[in-house]
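Subject: Structure handover

Hi,

Here is the structure I promised to pass on to you. Please have a look at it first, and then read on for what turned up.

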Amino acid sequence: MFKLSEIKELIKLVDQSSLQELEIENEGARLMIRKPNKTESVLVTSAPVQHAYAPAPVAAPTPQAAVAAEAPAAPAAAASKPVDASLHTITSPMVGTFYQSASPGAAPFVSVGSRVNDKTVVCIVEAMKLMNEIEAEIKGEIVEILVDNGQLVEYGQPLFLVKPE
């Protein structure tokens with residue numbers, strides 16, 4: 001695996017060079033760094049190297065900075081649960097650990113019944129020791145929290161259901 005300090009150094013080197021993209025494989029892990037164009041943020045993805053006998057999922061790029069790694073599959077019960085079409089789903093933009101509050105013992109950012117707007121921070125997803133605040137994206141009311149505090153989440157995994165206003 002890559003150390004965070006190594007990734008930061010590689011990002012600096014790519015940024016200061018004429019390279020547009022760099023992909024490196026090390027100890028069974030693959031890292032890709034791509035320079036952003038004027039409309040996107042820097043993209044960093046990391047995933048286990050895929051072998052023909054054991055394919056591993058690779059997170060899809062997002063418009064914001066992303067750090068992706070392999071994570072366990074979502075529980076089958078959550079995946080098969082029917083979702084009301086009138087509700088907005090807030091999904092995880094990356095693989096990481098879901099936290100409901102800014103620190104242990106602190107009050108959760110939101111709970112069922114909380115009113116949110118598009119800029120309301122609803123949770124944190126920690127990826128490679130970076131705390132990424134996730135915003136509601138919509139004005140409405142939280143009707144369900146779909147994951148537990150401290151749970152590993154995947155890219156695109158539903159986190160909250162919001163009733164739009």
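Let me start with Val-122, since a good part of the picture can be built around that residue. Leaving aside residues up to four places away in sequence, Val-122 touches Ile-90, Gln-100, Phe-109, Val-110, Val-116, Ile-134, Glu-135, Ala-136, Ile-142 and Phe-160. Please keep in mind that this is a predicted model.

The core

Val-122 belongs to the largest nonpolar core, which has 18 residues. Together with Cys-123 and Phe-160, Val-122 is among the residues with the most contacts inside this core. Two or more residues come from each of β7 (121-127) and β11, and β7 gives the largest share, 4 residues. Apart from this core lies another one, of 7 residues, including Ile-7, Val-14, Leu-31 and Ile-33. As general background, nonpolar side chains tend to be buried together in soluble globular proteins.

The aromatic pair

How many aromatic pairs does a search of the whole structure find? The search gives 1. The partners are Phe-98 and Phe-160, whose rings are tilted, with 5.8 Å centre to centre and 50 degrees between the planes. This pair links distant parts of the chain: Phe-98 sits in strand β5 and Phe-160 in strand β11 (residues 158-164), 62 residues apart. Are these two rings buried or exposed? Phe-98 counts as buried because its relative accessibility is 0%, and Phe-160 counts as buried because its value is 1%, where the cut-off for buried is under 20%.

The open sheet

β5 and β7 also appear in an open sheet of 4 strands, in the order β8-β7-β5-β10, with antiparallel pairing. At its edges are β8 (130-135) and β10 (152-153), each of which pairs on one side only. Strand β5 (residues 96-99) is joined to β10 by 2 bridges, and these strands run antiparallel. Within that pairing, Thr-97 stands opposite Leu-152 in β10.

The hairpin

Strand β1 (residues 21-26) and strand β2 (residues 29-34) run antiparallel and are joined by 6 bridges. They form a hairpin with 2 residues between them. One to look at in the turn is Glu-27, which has a positive phi of about 50 degrees. On the strands themselves, Glu-25 stands opposite Arg-30 in β2.

That is the handover; happy to talk it through whenever suits you.

Best wishes

Key. Residues numbered from 1 in each chain as written. Predicted model: local features only at pLDDT ≥ 70, side-chain atom pairs only at ≥ 80, totals over all residues. Heavy atoms only, no water. Pairing = 2+ DSSP bridges. Phe/Tyr/Trp six-rings, centres within 6.5 Å; stacked < 30°, edge-to-face > 60°. Buried < 20%, exposed > 50% of the residue type's maximum accessible area, 1.4 Å probe, protein only. Core = buried A, V, L, I, M, F, W, Y, C linked by side-chain atoms within 4.5 Å. Contact = heavy atoms within 4.5 Å.
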